Amino acid sequence: MSTRIAFLKGHGTENDFVIVPDPDNALDLSPRTVAALCDRRAGIGGDGVLHVVRSAAHPEARHLADEAEWFMDYRNADGSVAEMCGNGVRVFARYLQRAGHAGEGDLPIATRGGVKHAHLAKDEPGAEPGAEPGTGPVTVAMGRAVLPGGDVTVATAHGTAPALHVNMGNPHAVAFVADLADAGELLSAPAVTPAGAYPDGVNVEYVADRGPGHVAMRVHERGSGETRSCGTGACAVAVAAARRDGADPAVTGSPVTYTVDLPGGRLVITEYPDGSVDMTGPAVIVAEGEIDAEWLAGVS
C-alpha cells in the first residue's frame, strides 16, 4: 500500500464527505475502513465516502464507461454501499473540476443509480480576480422520481404519521408534520410500518411548510443517522409536496419548483413534465491532505 494516500474533505449544504481519489481502483476500501475514515473523533469525519474511480476500472461501472468517465463509488458512514447520494454527486463534480478533470458545463457521472448529469455553473459574479474556480452552484439531473404507492407510516415523537414512498434511485419515506421537532430524535432509524416495506432500509424525511412552494425538512439517512442535508431526500420531499399540493407536472405540462430548507442550507428542486428532477445547490471543497497509510492498514 502506498505511503501517500490523498484525500479531500467537502460538503454540500453541510452534508459532508471524505473524498478519496483512486482512478485505477487500487485501494481496498472495506466497510471497516470506510467507517474509520468517517469517524468524527478517531478519523477524518464525514457522512460518507466519495471513492473517485474511473468507470472503466470498477466492475460495477464498466458498462457505463462509454457514457461517463468517472464513477462515484459512494459509501455510507457505517461502511455500507449506497445507490446514490445527491449532495455527494455535487461535491464529486466539484472535486473533478478542482482536479482538472472537468470544466464549466455538463458532466456525466456514473453511480449505482445510473448515470447522473451534473452542470457546473460559472463562478459567481463579483468573485475576486484570480480566485479559485468552482464557486458557482452545481445542478444535478437526478432522474425520475418513482412513487410505488402503498400505505406506509413512520414513527414520530408523538406517535406515527403517514408517509409517501418516493424512490429517487434510493428509497425515501416522506412524512408531513406540523413542526420539525415532531420528528423527535433521529440518530437511530425511525420505525416504519409495515416492517417489511423497506428490506434494505430507507431514508426518512420529516417535512414542515414554510410558505407556498417552500418547505423545511429533517432527515434520517440509512447508515448515517440524522444528517445536515440529503440531496435525494430533498428531491423526494419536493415531489411529495407537489403531489400533496395537487401539482403533477406530467398532468399540467408545467414544471414545479420547490425551495427546500435543510439544517445545512438550501436546495432548489424542479420537477419537469417528463418526470425528471433537477437539484441545484452549493458544493464546497474545504480541505485536502494525506491519510496515514499505517493507520489505514491498522483499521483495515
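Start by selecting Asn87 and Asn15: their side chains are joined by a polar contact of 3.1 Å. As you look at this pair, keep in mind that the model is predicted.

**Around Asn87**

Colour helix H2, residues 86-98, and you will find Asn87 in it. Is Asn87 buried or exposed? With a relative accessible area of 0%, Asn87 is buried. Now show what surrounds it. Leaving aside neighbours within four places in sequence, the contacts of Asn87 include Asn15 and Phe17, as well as Gly12, Thr13 and Ser229. Cys230, Gly231, Leu267 and Met279 are also among the contacts of Asn87.

**One step along the helix**

Move on to Gly88, which lies in helix H2 too. Gly88 is buried, and its relative accessible area is 0%. Beyond residues up to four places away in sequence, Gly88 touches Phe17, Leu50 and Met72. If you want to try a distance, draw one from Gly88 to Ile19: the two C-alpha atoms are 9.6 Å apart in space, although the residues are 69 apart in sequence.

**An aromatic pair**

Phe17 has come up as a contact of Gly88, so select Phe17 next and add Tyr74. How far apart are the ring centres of Phe17 and Tyr74? They are 6.0 Å apart, and the planes sit at 75°, so the pair is edge-to-face. Phe17 belongs to strand S2 (residues 15-21) and Tyr74 to strand S4 (residues 70-76), so the pair ties together parts that are 57 residues apart in sequence. Both residues are buried.

**Into the nonpolar core**

Return to Met72, another contact of Gly88. Which residues touch the most other members of the largest nonpolar core? They are Met72 and Ile269, in a core of 54 residues. Colour helix H3 (residues 231-244) as well, since this helix gives the most to the core, with nine residues. In general, nonpolar side chains in soluble globular proteins tend to be buried together.

With Met72 still selected, show its contacts, leaving aside neighbours within four places in sequence. Among them are Leu50, Met84, Cys85, Val89 and Phe92. Met72 is also in contact with His51, Thr111 and Arg112. For a second, separate core, select Val18, Leu27, Val34 and Ile291, which are included in its 16 residues.

**A strand with two partners**

Now pick strand S10, residues 171-176. Five of its six residues are buried, so S10 is largely enclosed by the rest of the structure. On one pairing, strand S9 (residues 159-167) runs antiparallel to S10, with five bridges joining them. Select Ala175 in S10 to see the bridge partner of Ala163. Between S9 and S10 the hairpin has three residues, and Gly169 takes a positive phi near 95° there.

The other pairing is with strand S12 (residues 203-211), which is parallel to S10 and joined to it by five bridges. What stands opposite Ala175 in S12? Tyr206 does.

**Last stop: confidence**

Finish by colouring the chain by pLDDT. The mean is 92, and 95% of the residues reach 70 or more. Among the elements, strand S15 (residues 256-262) has the highest mean, 98, while helix H5 (residues 293-299) has the lowest, 88. Then select residues 125-131: pLDDT stays under 50 over this stretch, and the model has zero contacts for it beyond four places in sequence.

Key: Residues numbered from 1 in each chain as written. Predicted model: local features only at pLDDT ≥ 70, side-chain atom pairs only at ≥ 80, totals over all residues. Heavy atoms only, no water. Core = buried A, V, L, I, M, F, W, Y, C linked by side-chain atoms within 4.5 Å. Buried < 20%, exposed > 50% of the residue type's maximum accessible area, 1.4 Å probe, protein only. Helix = DSSP H or I, 4+ residues; strand = E, 2+ residues; numbered from the N terminus. Contact = heavy atoms within 4.5 Å. pLDDT = per-residue confidence, 0-100. Polar contact = N/O pair within 3.5 Å; in protein donor to acceptor, adjacent residues only side chain to side chain. Pairing = 2+ DSSP bridges. Phe/Tyr/Trp six-rings, centres within 6.5 Å; stacked < 30°, edge-to-face > 60°.
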